[in-house]
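This note is offered to a colleague who is meeting the structure for the first time. Please read the points below alongside the sequence and the model.

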Amino acid sequence: MAIRRILRMGHPLLREVARPLRSEEIGTPEMERLIADMVDTLHDYGGIGLAAPQIGESVRLALIEIPGGATRYGDLVPMSLSVFINPVIEVVDPAIAGYWEGCLSVPGLRGFVERPQHVRINYLSESGEAKSLELKGFAATVFQHEFDHLDGKLYIDRITDTRLLAFEQEYERYALPHLEA
Ligand code: NI
C-alpha cells in the first residue's frame, strides 16, 4: 500500500478515456494493490471520491466514500467506502440541480455545476459481482463527477457560467454565505 501522487489538471492522462477492466483482471493481486493505493491516497489527500486515472492508471475504476452528517458539502446521507468497476450511468430523471464541486486534480478551486439529480448506475463490485444502485441529489452529482474522470472529463468542462468558478477562499467568502442564507 502506498500514497500515490494525484495528477493535476494539465496532465494529459486526465484527458484520456480509460479502458474497461477485463473480468480476469478483477480480484488479482495487481488490482487489489491498485485499490489499496487508491484508498490510502484518498484518505491522505482527503476527499469523497477518487478515480484511477487521477493516480495515473487509465482504467475504469473509482472509489467513493461519503461521510455522514453535516459536512462542507451540506447534510449528507453517508456511504461507506465502495469500489466501482466499469460503471455505466443511466439518467432516471433529467431534472438538474447545481452544487459547488471541487476536485483533487483541480486543487484550490470550486465551481458550480448542474447535473441530473436522479441516476442509476450499473457496475461491478471489487469481487466482480454485477450491481446496480439508484442515487438522488448530491450523491448523484458525486457519482457523475467521479465517473466523468473515466471519460477524460473534469468538472470545469461542465461549468456553464464561468463567473461561478472561484478560488476556495473567495468561494467561502462570497458564495458560501448566500448558500447558507
Ligand atoms: Ni474529481
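1. Glu25 is placed in the segment before α1 (29-45); helices (H or I, at least four residues) and strands (E, at least two) are DSSP runs, numbered from the N terminus. The side chains of Glu25 and Arg19 are joined by a polar contact of 2.8 Å. Such a contact is a pair of N or O atoms within 3.5 Å; within protein, one atom must be able to donate a hydrogen and the other to accept it, and residues adjacent in sequence count only if both atoms are side-chain atoms. Glu25 counts as buried because its relative accessibility is 15%, where buried means under 20% relative accessible area, exposed over 50%, and partly exposed in between (1.4 Å probe, protein chains only). Neighbours within four places in sequence set aside, Glu25 is in contact (heavy atoms within 4.5 Å) with Arg19, Pro20 and Met31.

2. Some remarks on the basis of these values. The model is predicted, so that local features need pLDDT of at least 70 and side-chain atom pairs count only at pLDDT 80 or more, while totals for chains, interfaces and linings use all residues. Residues are numbered from 1 along each chain as its sequence is written, and side-chain values use heavy atoms, with hydrogens and water left out.

3. Which residues coordinate the nickel ion? The donors are Cys103 through SG, His145 through NE2 and His149 through NE2, at 2.1 to 2.3 Å. Along the chain they follow the spacing C-x41-H-x3-H. Cys103, in strand β5 (residues 79-103), and His149, in the loop between α2 (138-148) and β8 (165-167), form a pair that links distant parts of the chain, 46 residues apart. Cys103 and His149 are both buried. Donors are N, O and S atoms within 2.8 Å of the metal (3.2 Å for Na, K and Ca); water is not among the atoms, so sites may look incomplete.

4. Helix α2 is largely enclosed by the rest of the structure, because 11 of its 11 residues are buried. Among them are Phe143, Phe147 and the nickel donor His145.

5. Strand β5 has pairing partners in β2 and β6; two strands pair if DSSP finds at least two bridges between them. Strand β2 (residues 61-66) runs antiparallel to β5 over five bridges. In this pairing Val83 of β5 is the bridge partner of Leu63, and Ile64 stands opposite Ser82. With strand β6 (residues 106-124), β5 shares 13 bridges, again antiparallel. Asp93 faces His118 of β6, and a hairpin through two residues connects β5 to β6.

6. Strand β2 also pairs with strand β1 (residues 49-51), antiparallel and through three bridges. Ala62 of β2 is the bridge partner of Ala51. Five of the six residues of β2 are buried, so this strand is largely enclosed by the rest of the structure.

7. What makes up the largest nonpolar core? This core has 19 residues, and those with the most contacts inside it are Ile64, Phe84, Leu135, Phe143 and Phe147. At least two of its residues come from each of β2, β5, β6 and α2, and α2 gives the largest share, six residues. A second, separate core of 17 residues includes Met38, Val39, Val59 and Leu63. A nonpolar core is a set of buried Ala, Val, Leu, Ile, Met, Phe, Trp, Tyr and Cys residues joined through side-chain atoms within 4.5 Å.

8. Not counting residues up to four places away in sequence, Phe147 touches Ala62, Ile64, Phe84, Pro87, Ile89 and Ile121. Phe147 also belongs to a cluster that ring pairs form with Phe84, Tyr123 and Phe143. The structure holds seven aromatic pairs; rings of Phe, Tyr and Trp (its six-membered ring) pair if their centres lie within 6.5 Å, and planes under 30 degrees apart count as stacked, over 60 as edge-to-face and the rest as tilted.

9. Tyr123 is found in strand β6 and counts as buried because its relative accessibility is 11%. Its C-alpha is 6.4 Å from that of Val88, although the two are 35 residues apart in sequence. Beyond four places in sequence, the residues that Tyr123 touches include Phe84, Asn86, Glu129 and Leu133.

10. Asn86 merits a separate look. This residue lies in strand β5 and has a positive phi of about 50 degrees, although it is not a glycine. Asn86 counts as buried because its relative accessibility is 19%.
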